[in-house]
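Here is a short tour for anyone meeting this structure for the first time. Have a look at it below, and then we'll go through it piece by piece.

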There are 2 protein chains.
Amino acid sequence: MKIGILGTGMVGSTIGSKLIALGHDVMMGSRTSTNEKAAAWVKSAGAKSSAGTFAEAAAFGEVIFNCTKGDATLDVMKLAGEKNLAGKILLDISNPLDFSKGMPPFLIPSLSNTNSLGEEIQKQFPATKVVKTLNTMNCNLMVDASLVAGEHDVFLCGNDDGAKQKVKEILGWFGWKNPIDIGDLTGARATEMMLPIWLKLWGVNQTPNFNFKIVK
Amino acid sequence: MKIGILGTGMVGSTIGSKLIALGHDVMMGSRTSTNEKAAAWVKSAGAKSSAGTFAEAAAFGEVIFNCTKGDATLDVMKLAGEKNLAGKILLDISNPLDFSKGMPPFLIPSLSNTNSLGEEIQKQFPATKVVKTLNTMNCNLMVDASLVAGEHDVFLCGNDDGAKQKVKEILGWFGWKNPIDIGDLTGARATEMMLPIWLKLWGVNQTPNFNFKIVK
(Lines give C-alpha, C1' and ligand atoms only; values in the text may rest on other atoms or scores of the structure.)
Protein backbone atom coordinates (compact mmCIF):
# COMPACT_ATOMS: atom_id res chain seq x y z
CA MET A 1 0.00 0.00 0.00
CA LYS A 2 1.10 3.59 -0.59
CA ILE A 3 1.31 5.44 2.71
CA GLY A 4 2.01 9.09 3.43
CA ILE A 5 3.67 10.17 6.66
CA LEU A 6 3.31 13.76 7.86
CA GLY A 7 6.26 14.60 10.08
CA THR A 8 9.98 13.81 10.14
CA GLY A 9 10.51 13.33 13.87
CA MET A 10 11.13 10.14 15.78
CA VAL A 11 7.49 9.07 15.53
CA GLY A 12 7.32 9.59 11.77
CA SER A 13 10.60 7.83 11.04
CA THR A 14 9.80 4.91 13.37
CA ILE A 15 6.41 4.35 11.76
CA GLY A 16 7.79 4.92 8.27
CA SER A 17 10.59 2.41 8.75
CA LYS A 18 8.21 -0.20 10.13
CA LEU A 19 5.87 0.23 7.15
CA ILE A 20 8.81 -0.11 4.75
CA ALA A 21 9.89 -3.28 6.57
CA LEU A 22 6.35 -4.60 6.07
CA GLY A 23 6.69 -4.04 2.31
CA HIS A 24 4.78 -0.80 1.83
CA ASP A 25 5.72 2.28 -0.17
CA VAL A 26 6.13 5.26 2.12
CA MET A 27 6.60 8.96 1.39
CA MET A 28 7.65 11.16 4.30
CA GLY A 29 6.32 14.70 4.05
CA SER A 30 7.79 17.87 5.51
CA ARG A 31 7.65 21.63 4.91
CA THR A 32 10.23 21.52 2.13
CA SER A 33 11.10 18.74 -0.27
CA THR A 34 14.75 19.12 0.73
CA ASN A 35 14.28 18.48 4.46
CA GLU A 36 17.49 16.96 5.85
CA LYS A 37 15.83 14.62 8.33
CA ALA A 38 13.55 13.24 5.63
CA ALA A 39 16.53 12.78 3.29
CA ALA A 40 18.45 10.94 6.02
CA TRP A 41 15.46 8.70 6.66
CA VAL A 42 15.15 7.85 2.96
CA LYS A 43 18.85 7.01 2.85
CA SER A 44 18.44 4.51 5.70
CA ALA A 45 14.99 3.18 4.74
CA GLY A 46 15.84 2.14 1.20
CA ALA A 47 14.20 1.79 -2.18
CA LYS A 48 10.54 1.88 -1.21
CA SER A 49 10.91 5.13 0.73
CA SER A 50 10.73 8.66 -0.60
CA ALA A 51 10.45 12.22 0.65
CA GLY A 52 8.45 15.23 -0.46
CA THR A 53 6.39 18.15 0.73
CA PHE A 54 3.42 17.63 3.03
CA ALA A 55 1.19 18.06 -0.04
CA GLU A 56 3.16 15.49 -2.03
CA ALA A 57 3.10 12.95 0.81
CA ALA A 58 -0.65 13.47 1.29
CA ALA A 59 -1.29 13.06 -2.44
CA PHE A 60 0.93 9.94 -2.53
CA GLY A 61 -0.69 8.09 0.36
CA GLU A 62 -3.80 5.95 0.15
CA VAL A 63 -3.65 6.18 3.93
CA ILE A 64 -1.97 9.01 5.87
CA PHE A 65 -0.29 9.00 9.28
CA ASN A 66 -0.24 12.29 11.17
CA CYS A 67 3.05 12.12 13.08
CA THR A 68 3.52 15.86 13.59
CA LYS A 69 3.73 17.62 16.94
CA GLY A 70 0.23 18.52 18.09
CA ASP A 71 0.86 22.25 18.17
CA ALA A 72 1.84 22.15 14.48
CA THR A 73 -0.69 19.64 13.19
CA LEU A 74 -3.43 21.99 11.97
CA ASP A 75 -0.95 24.12 10.03
CA VAL A 76 0.60 21.01 8.54
CA MET A 77 -2.79 19.72 7.49
CA LYS A 78 -3.45 22.96 5.62
CA LEU A 79 -0.12 22.60 3.84
CA ALA A 80 -0.96 18.98 3.04
CA GLY A 81 -4.06 20.29 1.32
CA GLU A 82 -7.73 19.48 1.68
CA LYS A 83 -8.01 17.88 -1.77
CA ASN A 84 -4.96 15.65 -1.21
CA LEU A 85 -6.53 14.37 2.00
CA ALA A 86 -10.15 14.08 0.87
CA GLY A 87 -11.73 10.64 1.15
CA LYS A 88 -8.63 9.20 2.80
CA ILE A 89 -8.08 7.70 6.23
CA LEU A 90 -5.89 9.80 8.50
CA LEU A 91 -4.42 7.95 11.46
CA ASP A 92 -3.97 10.76 13.96
CA ILE A 93 -1.39 9.68 16.51
CA SER A 94 -0.39 13.13 17.73
CA ASN A 95 -1.17 14.91 21.01
CA PRO A 96 -1.89 18.62 21.57
CA LEU A 97 0.94 19.15 24.06
CA ASP A 98 2.23 22.61 24.90
CA PHE A 99 5.88 22.57 26.01
CA SER A 100 6.18 26.38 26.01
CA LYS A 101 6.25 26.52 29.81
CA GLY A 102 8.67 23.62 30.23
CA MET A 103 8.08 20.17 31.66
CA PRO A 104 5.62 18.73 32.24
CA PRO A 105 3.74 20.01 29.21
CA PHE A 106 0.03 20.72 29.45
CA LEU A 107 -2.67 20.21 26.83
CA ILE A 108 -3.48 23.14 24.55
CA PRO A 109 -6.63 24.48 26.25
CA SER A 110 -8.60 25.09 23.03
CA LEU A 111 -7.84 21.52 21.95
CA SER A 112 -8.68 19.67 25.14
CA ASN A 113 -11.41 18.81 27.62
CA THR A 114 -14.41 19.98 25.53
CA ASN A 115 -12.54 19.53 22.26
CA SER A 116 -9.54 17.53 21.04
CA LEU A 117 -6.95 17.69 18.32
CA GLY A 118 -8.56 14.70 16.62
CA GLU A 119 -11.97 16.38 16.55
CA GLU A 120 -10.54 19.70 15.39
CA ILE A 121 -8.81 18.03 12.44
CA GLN A 122 -12.09 16.31 11.58
CA LYS A 123 -14.00 19.62 11.76
CA GLN A 124 -11.52 21.43 9.51
CA PHE A 125 -11.17 18.50 7.08
CA PRO A 126 -14.65 16.95 6.95
CA ALA A 127 -13.91 14.89 3.82
CA THR A 128 -11.05 13.07 5.58
CA LYS A 129 -11.75 10.04 7.78
CA VAL A 130 -9.89 10.78 11.00
CA VAL A 131 -9.16 7.83 13.27
CA LYS A 132 -7.40 8.61 16.55
CA THR A 133 -5.15 5.82 17.73
CA LEU A 134 -1.69 4.89 19.09
CA ASN A 135 -1.31 8.27 20.84
CA THR A 136 -1.13 6.77 24.33
CA MET A 137 2.30 5.17 24.06
CA ASN A 138 5.91 5.53 22.95
CA CYS A 139 6.55 5.23 19.19
CA ASN A 140 8.67 2.08 19.43
CA LEU A 141 5.78 0.33 21.13
CA MET A 142 3.30 1.70 18.57
CA VAL A 143 4.90 -0.38 15.81
CA ASP A 144 5.73 -3.45 17.91
CA ALA A 145 3.21 -4.43 20.57
CA SER A 146 5.51 -7.25 21.70
CA LEU A 147 7.96 -4.70 23.09
CA VAL A 148 5.92 -4.84 26.31
CA ALA A 149 5.31 -8.39 27.54
CA GLY A 150 1.87 -9.86 27.98
CA GLU A 151 -1.45 -8.28 27.11
CA HIS A 152 -1.98 -4.55 27.01
CA ASP A 153 -4.17 -2.21 25.06
CA VAL A 154 -4.41 0.28 22.24
CA PHE A 155 -7.49 2.47 21.80
CA LEU A 156 -9.06 3.79 18.65
CA CYS A 157 -11.97 6.07 17.91
CA GLY A 158 -13.48 7.80 14.90
CA ASN A 159 -16.74 8.65 13.22
CA ASP A 160 -16.42 6.26 10.24
CA ASP A 161 -16.84 2.55 10.94
CA GLY A 162 -15.22 1.46 7.68
CA ALA A 163 -12.17 3.60 8.39
CA LYS A 164 -11.91 2.13 11.88
CA GLN A 165 -12.06 -1.38 10.41
CA LYS A 166 -9.15 -0.57 8.08
CA VAL A 167 -7.19 0.97 10.97
CA LYS A 168 -7.73 -2.18 13.02
CA GLU A 169 -6.11 -4.10 10.16
CA ILE A 170 -3.16 -1.69 10.15
CA LEU A 171 -2.84 -2.01 13.93
CA GLY A 172 -2.70 -5.76 13.39
CA TRP A 173 0.42 -5.26 11.24
CA PHE A 174 2.04 -3.76 14.34
CA GLY A 175 1.02 -6.68 16.57
CA TRP A 176 -2.14 -5.21 18.10
CA LYS A 177 -4.65 -8.02 18.21
CA ASN A 178 -7.66 -6.56 20.02
CA PRO A 179 -7.78 -2.77 19.78
CA ILE A 180 -10.43 -1.22 22.04
CA ASP A 181 -12.90 0.81 19.97
CA ILE A 182 -14.11 3.58 22.30
CA GLY A 183 -16.62 4.95 19.80
CA ASP A 184 -16.83 8.22 17.94
CA LEU A 185 -14.13 10.87 17.72
CA THR A 186 -15.10 12.52 21.03
CA GLY A 187 -13.02 9.67 22.42
CA ALA A 188 -9.96 11.60 21.24
CA ARG A 189 -10.52 13.91 24.24
CA ALA A 190 -10.21 10.89 26.47
CA THR A 191 -7.06 9.39 24.98
CA GLU A 192 -5.29 12.75 24.55
CA MET A 193 -6.01 13.46 28.23
CA MET A 194 -4.11 10.29 29.15
CA LEU A 195 -0.82 11.99 28.27
CA PRO A 196 -0.32 13.56 31.70
CA ILE A 197 -0.56 10.18 33.47
CA TRP A 198 1.65 8.64 30.78
CA LEU A 199 4.31 11.28 31.47
CA LYS A 200 4.11 10.75 35.25
CA LEU A 201 4.42 6.99 34.76
CA TRP A 202 7.37 7.46 32.41
CA GLY A 203 9.09 9.16 35.34
CA VAL A 204 8.10 6.40 37.78
CA ASN A 205 8.99 3.51 35.45
CA GLN A 206 12.21 5.07 34.15
CA THR A 207 11.42 3.58 30.75
CA PRO A 208 8.97 4.50 27.98
CA ASN A 209 8.31 0.82 27.34
CA PHE A 210 5.12 0.41 29.36
CA ASN A 211 1.46 0.50 28.53
CA PHE A 212 -2.05 0.52 29.91
CA LYS A 213 -4.10 -2.63 30.15
CA ILE A 214 -7.79 -2.54 30.89
CA VAL A 215 -8.62 -5.34 33.33
CA LYS A 216 -12.16 -6.49 34.02
CA MET B 1 -9.20 4.82 64.12
CA LYS B 2 -11.63 7.73 64.02
CA ILE B 3 -12.41 8.67 60.43
CA GLY B 4 -14.44 11.54 59.01
CA ILE B 5 -16.24 11.21 55.70
CA LEU B 6 -17.27 14.33 53.82
CA GLY B 7 -20.23 13.50 51.57
CA THR B 8 -23.32 11.33 51.83
CA GLY B 9 -23.46 9.94 48.29
CA MET B 10 -22.71 6.45 47.08
CA VAL B 11 -18.96 6.96 47.40
CA GLY B 12 -19.16 8.24 50.97
CA SER B 13 -21.52 5.53 52.17
CA THR B 14 -19.54 2.75 50.43
CA ILE B 15 -16.28 3.88 51.99
CA GLY B 16 -17.91 4.56 55.35
CA SER B 17 -19.50 1.11 55.50
CA LYS B 18 -16.22 -0.59 54.57
CA LEU B 19 -14.37 1.31 57.30
CA ILE B 20 -17.04 0.33 59.83
CA ALA B 21 -16.71 -3.31 58.73
CA LEU B 22 -12.97 -3.00 59.34
CA GLY B 23 -13.67 -1.89 62.93
CA HIS B 24 -13.18 1.86 62.67
CA ASP B 25 -15.35 4.67 64.05
CA VAL B 26 -16.79 6.73 61.23
CA MET B 27 -18.69 10.01 61.22
CA MET B 28 -20.40 11.01 57.99
CA GLY B 29 -20.57 14.76 57.46
CA SER B 30 -23.10 16.76 55.48
CA ARG B 31 -24.49 20.30 55.29
CA THR B 32 -26.92 19.75 58.16
CA SER B 33 -26.73 17.37 61.09
CA THR B 34 -30.20 16.10 60.17
CA ASN B 35 -29.35 14.96 56.62
CA GLU B 36 -31.66 12.07 55.71
CA LYS B 37 -29.12 10.13 53.67
CA ALA B 38 -26.60 10.31 56.51
CA ALA B 39 -29.26 9.19 59.01
CA ALA B 40 -30.20 6.24 56.77
CA TRP B 41 -26.54 5.28 56.47
CA VAL B 42 -26.07 5.35 60.26
CA LYS B 43 -29.15 3.18 60.68
CA SER B 44 -27.67 0.54 58.37
CA ALA B 45 -24.03 0.88 59.43
CA GLY B 46 -24.54 0.30 63.14
CA ALA B 47 -23.04 1.29 66.47
CA LYS B 48 -19.67 2.62 65.35
CA SER B 49 -21.20 5.01 62.81
CA SER B 50 -22.47 8.52 63.40
CA ALA B 51 -23.54 11.59 61.45
CA GLY B 52 -22.91 15.30 61.86
CA THR B 53 -22.13 18.48 60.04
CA PHE B 54 -19.10 18.73 57.77
CA ALA B 55 -17.35 20.59 60.60
CA GLU B 56 -18.24 17.91 63.15
CA ALA B 57 -17.07 15.10 60.86
CA ALA B 58 -13.79 16.94 60.14
CA ALA B 59 -13.21 17.55 63.85
CA PHE B 60 -14.03 13.90 64.65
CA GLY B 61 -11.70 12.30 62.13
CA GLU B 62 -8.01 11.63 62.63
CA VAL B 63 -8.08 11.04 58.89
CA ILE B 64 -10.64 12.54 56.50
CA PHE B 65 -12.04 11.20 53.21
CA ASN B 66 -13.29 13.76 50.70
CA CYS B 67 -16.17 11.94 49.01
CA THR B 68 -18.04 15.01 47.80
CA LYS B 69 -18.77 15.85 44.17
CA GLY B 70 -15.87 17.79 42.73
CA ASP B 71 -17.90 20.89 41.92
CA ALA B 72 -18.92 21.15 45.60
CA THR B 73 -15.66 20.13 47.27
CA LEU B 74 -14.12 23.55 47.88
CA ASP B 75 -17.31 24.89 49.46
CA VAL B 76 -17.59 21.78 51.60
CA MET B 77 -13.99 22.17 52.75
CA LYS B 78 -14.75 25.70 53.90
CA LEU B 79 -17.76 24.43 55.86
CA ALA B 80 -15.59 21.67 57.33
CA GLY B 81 -13.32 24.40 58.61
CA GLU B 82 -9.61 25.02 58.28
CA LYS B 83 -8.88 24.38 61.96
CA ASN B 84 -10.78 21.07 61.98
CA LEU B 85 -8.71 19.91 59.02
CA ALA B 86 -5.31 21.28 60.06
CA GLY B 87 -2.52 18.75 60.41
CA LYS B 88 -4.72 15.92 59.19
CA ILE B 89 -4.49 13.68 56.16
CA LEU B 90 -7.24 14.26 53.59
CA LEU B 91 -7.73 11.42 51.13
CA ASP B 92 -9.13 13.27 48.14
CA ILE B 93 -10.99 10.79 45.96
CA SER B 94 -13.21 13.27 44.12
CA ASN B 95 -13.05 14.51 40.53
CA PRO B 96 -13.80 18.02 39.20
CA LEU B 97 -16.51 16.89 36.79
CA ASP B 98 -19.02 19.33 35.33
CA PHE B 99 -22.31 17.64 34.40
CA SER B 100 -24.06 20.95 33.65
CA LYS B 101 -24.04 20.28 29.91
CA GLY B 102 -25.10 16.65 30.17
CA MET B 103 -23.16 13.50 29.42
CA PRO B 104 -20.32 13.05 29.05
CA PRO B 105 -19.20 15.53 31.69
CA PHE B 106 -16.07 17.58 31.16
CA LEU B 107 -13.49 18.70 33.71
CA ILE B 108 -13.99 22.11 35.33
CA PRO B 109 -11.54 24.21 33.27
CA SER B 110 -10.10 26.17 36.22
CA LEU B 111 -9.45 22.88 38.03
CA SER B 112 -7.83 20.91 35.23
CA ASN B 113 -4.87 20.71 32.86
CA THR B 114 -2.66 23.34 34.55
CA ASN B 115 -4.34 22.87 37.93
CA SER B 116 -6.36 20.15 39.64
CA LEU B 117 -8.92 19.81 42.38
CA GLY B 118 -6.36 18.10 44.59
CA GLU B 119 -3.88 20.95 44.17
CA GLU B 120 -6.54 23.61 44.69
CA ILE B 121 -7.60 22.01 47.99
CA GLN B 122 -3.95 21.92 49.05
CA LYS B 123 -3.48 25.61 48.14
CA GLN B 124 -6.56 26.72 50.07
CA PHE B 125 -5.84 24.42 53.05
CA PRO B 126 -2.05 24.42 53.35
CA ALA B 127 -2.04 22.89 56.85
CA THR B 128 -3.89 19.79 55.60
CA LYS B 129 -1.97 16.91 54.03
CA VAL B 130 -3.82 16.20 50.80
CA VAL B 131 -3.25 12.82 49.18
CA LYS B 132 -5.04 12.17 45.90
CA THR B 133 -5.97 8.56 45.38
CA LEU B 134 -8.72 6.09 44.38
CA ASN B 135 -10.32 8.64 42.02
CA THR B 136 -9.75 6.52 38.90
CA MET B 137 -12.30 3.79 39.62
CA ASN B 138 -15.80 2.92 40.79
CA CYS B 139 -16.43 3.14 44.55
CA ASN B 140 -17.13 -0.56 45.02
CA LEU B 141 -13.72 -1.34 43.59
CA MET B 142 -12.09 1.36 45.72
CA VAL B 143 -12.86 -0.58 48.90
CA ASP B 144 -12.33 -4.08 47.49
CA ALA B 145 -9.52 -4.50 44.99
CA SER B 146 -10.48 -8.16 44.53
CA LEU B 147 -13.68 -7.11 42.76
CA VAL B 148 -11.61 -7.07 39.56
CA ALA B 149 -9.61 -10.27 39.05
CA GLY B 150 -5.85 -10.33 38.77
CA GLU B 151 -3.46 -7.44 39.16
CA HIS B 152 -4.44 -3.85 38.49
CA ASP B 153 -3.43 -0.51 39.85
CA VAL B 154 -4.29 2.39 42.11
CA PHE B 155 -2.34 5.64 41.97
CA LEU B 156 -1.53 8.07 44.74
CA CYS B 157 0.21 11.41 44.89
CA GLY B 158 0.81 14.15 47.42
CA ASN B 159 3.40 16.52 48.78
CA ASP B 160 3.92 14.85 52.20
CA ASP B 161 5.77 11.54 52.23
CA GLY B 162 4.58 10.59 55.70
CA ALA B 163 0.96 11.17 54.70
CA LYS B 164 1.44 9.04 51.59
CA GLN B 165 2.90 6.26 53.73
CA LYS B 166 -0.20 6.30 55.96
CA VAL B 167 -2.47 6.34 52.90
CA LYS B 168 -0.65 3.30 51.49
CA GLU B 169 -1.51 1.52 54.74
CA ILE B 170 -5.19 2.53 54.39
CA LEU B 171 -5.19 1.36 50.77
CA GLY B 172 -3.88 -1.96 52.06
CA TRP B 173 -7.04 -2.31 54.18
CA PHE B 174 -8.98 -2.20 50.91
CA GLY B 175 -6.80 -4.87 49.27
CA TRP B 176 -4.41 -2.61 47.34
CA LYS B 177 -0.99 -4.18 47.68
CA ASN B 178 1.27 -2.04 45.51
CA PRO B 179 -0.11 1.46 44.97
CA ILE B 180 1.82 3.44 42.37
CA ASP B 181 3.21 6.64 43.89
CA ILE B 182 3.34 9.13 41.01
CA GLY B 183 5.01 11.84 43.07
CA ASP B 184 3.83 15.23 44.24
CA LEU B 185 0.31 16.61 44.03
CA THR B 186 0.69 17.81 40.43
CA GLY B 187 -0.04 14.15 39.73
CA ALA B 188 -3.66 14.93 40.62
CA ARG B 189 -3.91 16.63 37.20
CA ALA B 190 -2.93 13.35 35.62
CA THR B 191 -5.31 11.07 37.51
CA GLU B 192 -8.26 13.48 37.33
CA MET B 193 -7.72 13.67 33.55
CA MET B 194 -8.20 9.90 33.37
CA LEU B 195 -11.92 10.31 34.03
CA PRO B 196 -12.86 10.85 30.37
CA ILE B 197 -11.25 7.56 29.30
CA TRP B 198 -12.78 5.83 32.34
CA LEU B 199 -16.22 7.03 31.25
CA LYS B 200 -15.69 5.89 27.65
CA LEU B 201 -14.51 2.47 28.88
CA TRP B 202 -17.51 2.20 31.20
CA GLY B 203 -19.63 2.48 28.07
CA VAL B 204 -17.55 -0.10 26.19
CA ASN B 205 -17.32 -2.58 29.08
CA GLN B 206 -20.96 -2.18 30.17
CA THR B 207 -19.80 -2.54 33.76
CA PRO B 208 -18.01 -0.20 36.18
CA ASN B 209 -15.99 -3.13 37.52
CA PHE B 210 -12.81 -2.65 35.50
CA ASN B 211 -9.52 -0.98 36.16
CA PHE B 212 -6.25 0.16 34.64
CA LYS B 213 -3.11 -1.93 34.95
CA ILE B 214 0.28 -0.55 34.05
CA VAL B 215 2.23 -3.22 32.19
CA LYS B 216 5.97 -2.99 31.61
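## Salt bridges between the chains

Let's begin where the chains meet: there are 2 salt bridges between chain A and chain B. Keep in mind that what you're looking at is a predicted model. In one salt bridge, B:Asp184 pairs up with A:Lys200, and their closest N and O atoms are 3.9 Å apart. Polar contacts cross the interface of chain A and chain B too, with 7 residue pairs found (both residues at pLDDT 80 or more).

Which elements give two or more residues to the side of chain A that touches chain B? They are strands S7 (106-107), S10 (180-181) and S11 (211-215), together with helices H9 (187-192) and H10 (195-205), all of chain A. H10(A) gives the most to that side of chain A, with 6 residues.

## How much surface is shared

Interface size has a common yardstick: it is often given as the accessible area lost when the parts come together. Here, about 2,800 Å² is buried between chain A and chain B, and carbon and sulfur atoms give 70% of that. Three residues stand out: A:Lys200, A:Val215 and A:Lys216 supply 20% of the area that chain A buries against chain B, more than any other three residues. As for head counts, 35 residues from chain A and 35 residues from chain B take part in the contact.

## Two copies, one axis

How do the two chains relate to each other? A 180° rotation, with 0.0 Å of shift along its axis, puts chain A on top of chain B with an RMSD of 0.0 Å. The two copies are therefore related as by a two-fold rotation axis. Both copies use the same surface, as 100% of the contact residues of chain A recur in chain B.

Which residue of chain A comes closest to the rotation axis? That's A:Lys213, whose C-alpha is 2.5 Å from the axis.

## The sheet in chain B

Now step inside chain B. An open sheet of 8 strands runs through in the order S3-S2-S1-S4-S5-S8-S9-S10, with mixed pairing. S3 (49-53) and S10 (180-181) of chain B stand at the edges with a single partner strand each, so one side of each is left without a neighbour in the sheet.

Further in, strands S4 (residues 63-66) and S5 (residues 89-92) of chain B run parallel and are joined by 4 bridges. B:Asn66 is found opposite B:Asp92 in S5(B). Helix H6 (residues 117-124) of chain B lies across S4, S5 and S8 (129-133) of chain B, at about 175° to S8(B).

## A link within chain A

Over all chains, a search of the whole structure turns up 22 salt bridges. In one of them, A:Glu119 meets A:Arg189, with the closest N and O atoms 2.9 Å apart. A:Glu119 sits in helix H6 (residues 117-124) of chain A and A:Arg189 in helix H9 of chain A, so this pair ties together parts that are 70 residues apart in sequence.

## Backbone oddities

Finally, a few spots in the loops. A cis peptide bond joins A:Met103 to A:Pro104, with omega at about -10°, and A:Pro104 lies in the loop between S6 (97-98) and S7 of chain A. In chain B, a cis peptide bond joins B:Met103 and B:Pro104, with omega also about -10°.

A:Gln206 is not a glycine, yet has a positive phi of about 60°. You'll find A:Gln206 in the loop between H10 and S11 of chain A.

Conventions
Residues numbered from 1 in each chain as written. Chains lettered and ligands numbered in written order. Predicted model: local features only at pLDDT ≥ 70, side-chain atom pairs only at ≥ 80, totals over all residues. Heavy atoms only, no water. Pairing = 2+ DSSP bridges. Contact = heavy atoms within 4.5 Å. Axes fitted to C-alpha atoms, helices over the stretch in contact; angles between N-to-C directions. Least-squares fit on C-alpha atoms with pLDDT ≥ 70 in both. Buried area = accessible area lost by both parts, 1.4 Å probe. Salt bridge = Lys/Arg side-chain N within 4 Å of Asp/Glu carboxyl O. Polar contact = N/O pair within 3.5 Å; in protein donor to acceptor, adjacent residues only side chain to side chain.
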